[in-house]
Structure formats: C-alpha cells, structure tokens
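Me: I would like to go through how some of the descriptive terms for this model are justified, beginning with a pair of helices and then turning to a sheet.

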Amino acid sequence: MNTTNSEKLYEQAKKFMPGGVNSPVRAFNSVGRSPLFIERAEGDKIYDADGNEFIDYVCSWGPNILGHGRPEVLEAVCRAVSKGLTFGACHRGEIELAELIRQCMPSMEMLRLVNSGTEAVMSAVRAARGYTHRDMIIKFKGCYHGHSDGLLVKGGSGLLTNSVPDSAGVPKGYTETTLLADYNNEKSVEELFDRYGKDIACIIVEPCAANMGVVPPKEGFLRFLRDITEKYSSLLIFDEVITGFRLSLGGAQQLYGITPDLTTLGKIVGGGMPLAAYGGRAEIMECVAPLGSVYQAGTLSGNPAAAAAGAATLKILMDDTHIYDELERKSARLEAAMREAGLNVNRAGSLLTAFFTDVPVTDHDSACTSYRQKYAEHFNRLLERGIYTAPSQFEAMFVSAAHTDEDIELTCKAFKNV
Ligand SMILES: *Cc1c(COP(=O)(O)O)cnc(C)c1O
C-alpha cells in the first residue's frame with residue numbers, strides 16, 4: 001500500500017497542529033503508523049490522499065449511520081446554506097429538529113441544541129447540579145463523556161491508549177466532586193451512595209459503553225441505576241452521544257426500557273455536522289437560562305446548516321422502517337465471522353469490538369487486559385486489505401446503512417485471513 005502523500009501531509013500538519021491532528025486518536029499512535037489523510041468519502045467507502053480505497057467502519061466515530069454523503073442530507077445542507085450560514089437568532093430549523101428528537105426520545109420533553117458532545121454533557125451535568133443543589137457526580141471507569149475538566153477521570157477512548165490517566169491542566173479541585181464507580185458493578189455504586197448519597201447530584205453513564213471498546217450493560221444494571229438514583233433523589237443521565245439513534249431510533253433507553261432524567265446526544269443527531277443536544281424532564285430543563293439560573297449559551301448553537309443535516313438524517317431513520325433490522329443483520333454477520341476467526345467480540349447492535357484477551361470483557365479493568373500489540377497488528381492487516389477500522393483498541397467498529405452485503409462479505413473474508 002502506497003501512502004507517500006499521506007506521509008508528506010502528516011509532516012506538514014505536524015508543523016501547525018499538536019501531533020499533526022485536531023483530535024488525539026486520529027494520530028494512529030497506538031497502531032504504530034502515521035495517519036492516513038482522507039480526500040473524500042462516499043457510501044461505505046473512504047479514499048485517502050494516495051487514492052487508496054477502504055471500506056469504512058469508523059464512520060467518523062459514529063455520526064455516519066447512513067454512510068457518507070447521503071444525497072438527502074447533502075441536499076438539506078445545501079438548501080440551508082443557500083439562505084446563510086448562521087444568524088445568531090431563532091429560526092424554524094431548530095424547532096423542526098427539536099420536535100424530531102422528542103418524537104424519537106419522548107423522555108427529552110425539553111432540550112437544548114449545542115455544538116459538541118462534550119458541551120452537551122458538560123451542560124447536562126451543570127443542569128443536574130443546579131436542579132438538585134448538589135455538587136457530587138458519579139461516573140464509571142472507562143466511560144468517556146467528552147473532555148470537560150470534571151469528567152477527565154478514567155475517561156476511556158484515547159485516554160486509555162495514550163496512557164494519560166488524567167489530563168494535565170485540570171486542577172485537582174475540578175475533579176474532587178467526581179466519584180468513580182465500576183461499570184456493571186452495582187456494589188461499587190451502592191458504596192458511594194451509602195457514603196455520599198445526599199450530596200450526589202447525578203449518575204452519568206453510557207447506557208451501553210462504547211469508549212472502552214463496546215461493553216454492554218449487564219441484565220438489570222441500568223434498572224439498578226434508575227432505582228438507586230430515585231431512592232436518593234439524584235438524577236440519572238444517559239450519555240447517548242454514541243447510542244442515540246444507533247441502538248434503536250429511541251436509543252439505548254428504548255432498547256433497554258429504562259427512562260433517564262436527562263439525555264445527551266451528539267454524533268448521529270448532527271448528521272455529520274457539529275451539533276449535539278441535551279435535554280430531559282421539562283421541570284429540570286426549566287432551570288436552564290433564560291428560564292432558570294443555570295447558565296448555558298452558544299454563538300453557533302442550533303446552527304441552521306447543522307440542524308438541517310440532523311433533521312434530514314433523523315427523518316430517514318424514522319421513515320425507513322428496515323434500517324435497524326438491516327444494521328442488526330449485517331452486524332450479526334460480522335460478529336459471526338469474527339468469532340469463527342477466533343476473536344473475542346462484544347457487540348451491541350451495530351457497534352462491535354474485538355478484544356485480544358481470553359476473559360469476558362465487562363468493565364474497564366477487563367477491557368484493559370486486552371493485548372494492544374495484537375490489536376495494532378490486527379488493525380494494520382485489515383488496513384492492508386482495504387478495511388478501515390478504529391486505530392485504537394478502545395473504540396467501536398461502526399456499521400452503517402450504506403455497508404453493502406458485498407462489502408460485509410469482503411470484510412468477513414478479511415477477518416478469516418488476518
Ligand atoms: C464522542 C462522545 C462524547 C464527546 O462528544 P464530542 O462531540 O467529541 O465532544 C461524549 N460522550 C460520548 C459517549 C461519546 O462517545
């Protein structure tokens with residue numbers, strides 16, 4: 001595989017951006033090669049600066065559930081852009097998107113549009129604290145909730161592969177109110193509530209973890225979180241930035257039948273543009289300014305072009321009743337091929353991760369038993385066969401509606417051969 005153009009671009013990029021990238025996992029550090037520069041993408045394929053073609057299972061880390069460049073989405077963006085890029089004022093597109101979101105996720109009675117998942121989570125946690133008048137929060141080891149200060153504790157995703165246990169530049173005081181529990185471990189949560197119960201504003205959790213690789217919730221785990229937060233009058237926040245509109249139209253909360261107080265969305269909800277959302281029970285969201293005293297704002301929030309991309313994407317997901325069955329069928333086919341190849345796979349719907357360990361992966365500590373050198377080899381061999389997966393162990397493989405049966409079969413063959 002010739003990658004000389006990508007290598008040249010990488011040398012240039014490094015002069016301007018830390019590590020040549022605008023987000024750390026893009027650097028390919030943990031798979032021992034320099035990053036590919038992508039020229040364009042279409043359907044289930046991406047093309048790099050040397051003209052190499054890959055079947056893409058990164059899907060921009062989740063947003064592209066319809067594949068790349070879906071015509072209806074591109075047209076909606078072009079239509080919006082032709083009327084202006086941003087107004088910094090109210091417009092119809094915001095109402096349309098908010099209504100579609102609430103139709104899919106009725107628990108989001110009221111919501112706010114923001115620009116990134118990080119911002120959505122940061123704001124939801126602030127609303128939870130403002131509503132409860134409490135300071136402490138519980139997060140789980142290996143769950144990633146964006147890069148805001150208070151949540152950069154055992155963060156998952158790039159934080160695991162880059163061996164940065166906590167980030168430099170975060171004052172100790174910012175994380176003192178963040179309590180850590182173990183995913184799928186009810187006792188670890190109970191102990192925190194025994195000790196700090198009356199001070200705990202909320203639990204924030206990925207209802208199906210996907211940032212320590214895919215780790216589905218054990219039977220009863222989410223129910224337990226719902227019950228214990230109710231018992232202590234704390235709030236339950238589902239971070240559905242990955243799982244929203246992916247595990248089902250109504251996200252993980254619909255799939256597992258547990259209703260959180262607040263939900264955060266990102267990735268798919270922006271249809272490939274920078275847009276995210278947080279929302280939940282009206283009573284809580286009414287604490288947010290200008291109605292209430294929890295301040296949160298944004299110059300580009302609800303951007304017209306981004307809202308149009310999100311709305312077009314959600315409409316397709318709502319109208320095409322076969323999409324989720326098809327994603328399930330294709331993903332199950334991939335899982336079967338991976339198992340035949342001897343891989344230890346976790347799967348939830350169209351999210352998959354192969355772990356290079358013999359133990360079942362159910363939490364952060366078991367995920368960390370994966371032999372990362374093997375993952376790197378596996379990644380590189382797939383890449384040489386034209387299959388583009390996440391350049392890091394602690395991520396998911398994303399399947400999209402654009403993946404053709406032919407490409408799924410090619411991928412299954414590649415698994416067998418690598
Ligand atoms: C990606 C992600 C975020 C952060 O979203 P950004 O748009 O990258 O800021 C937060 N939570 C979860 C679960 C995510 O997967």
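Reply: In this predicted model, E72, V73, A76, V77, A80 and V81 of helix α2 meet P304, A305, A308, A309, A312, T313 and I316 of helix α11. The residues of this contact divide into 11 nonpolar, one polar and one charged.

Me: What makes α2 roughly antiparallel to α11?

Reply: The axes of α2 (residues 71-81) and α11 (residues 304-319) come within 8 Å and cross at roughly 150 degrees. Angles over 145 degrees count as roughly antiparallel, and the crossing angle therefore makes α2 roughly antiparallel to α11. The crossing of α2 past α11 is right-handed.

Me: Why are β4 and β6 said to stand at the edges of the sheet?

Reply: The open sheet has seven strands in the order β4-β10-β9-β8-β7-β5-β6, with mixed pairing. β4 (110-114) and β6 (178-181) each have a single partner strand, so one side of each is left without a neighbour in the sheet. From one strand to the next, the twist averages 20 degrees.

Me: How do you know that β9 and β10 pair?

Reply: Pairing requires at least two bridges between the strands, and β9 (residues 262-265) and β10 (residues 276-280) are joined in the antiparallel sense over four bridges, which therefore satisfies that criterion. One of the bridge partnerships is that of L265 with A277 in β10.

Me: Which strands does helix α4 touch as it packs on the sheet?

Reply: Helix α4 (residues 117-132) touches β4, β5 (136-140), β7 (200-205), β8 (235-239), β9 and β10, and its direction makes about 175 degrees with that of β8. Helix α8 (residues 221-231) also packs on the sheet, touching β5, β7 and β8, with its direction at about 145 degrees to that of β8.

Technical notes
Residues numbered from 1 in each chain as written. Predicted model: local features only at pLDDT ≥ 70, side-chain atom pairs only at ≥ 80, totals over all residues. Heavy atoms only, no water. Axes fitted to C-alpha atoms, helices over the stretch in contact; angles between N-to-C directions. Helix = DSSP H or I, 4+ residues; strand = E, 2+ residues; numbered from the N terminus. Parallel < 35°, antiparallel > 145°, perpendicular 65-115°, else oblique. Left-handed = near helix turned anticlockwise from the far one by under 90°. Contact = heavy atoms within 4.5 Å. Nonpolar A, V, L, I, M, F, W, Y, C, P; charged D, E, K, R; others polar.
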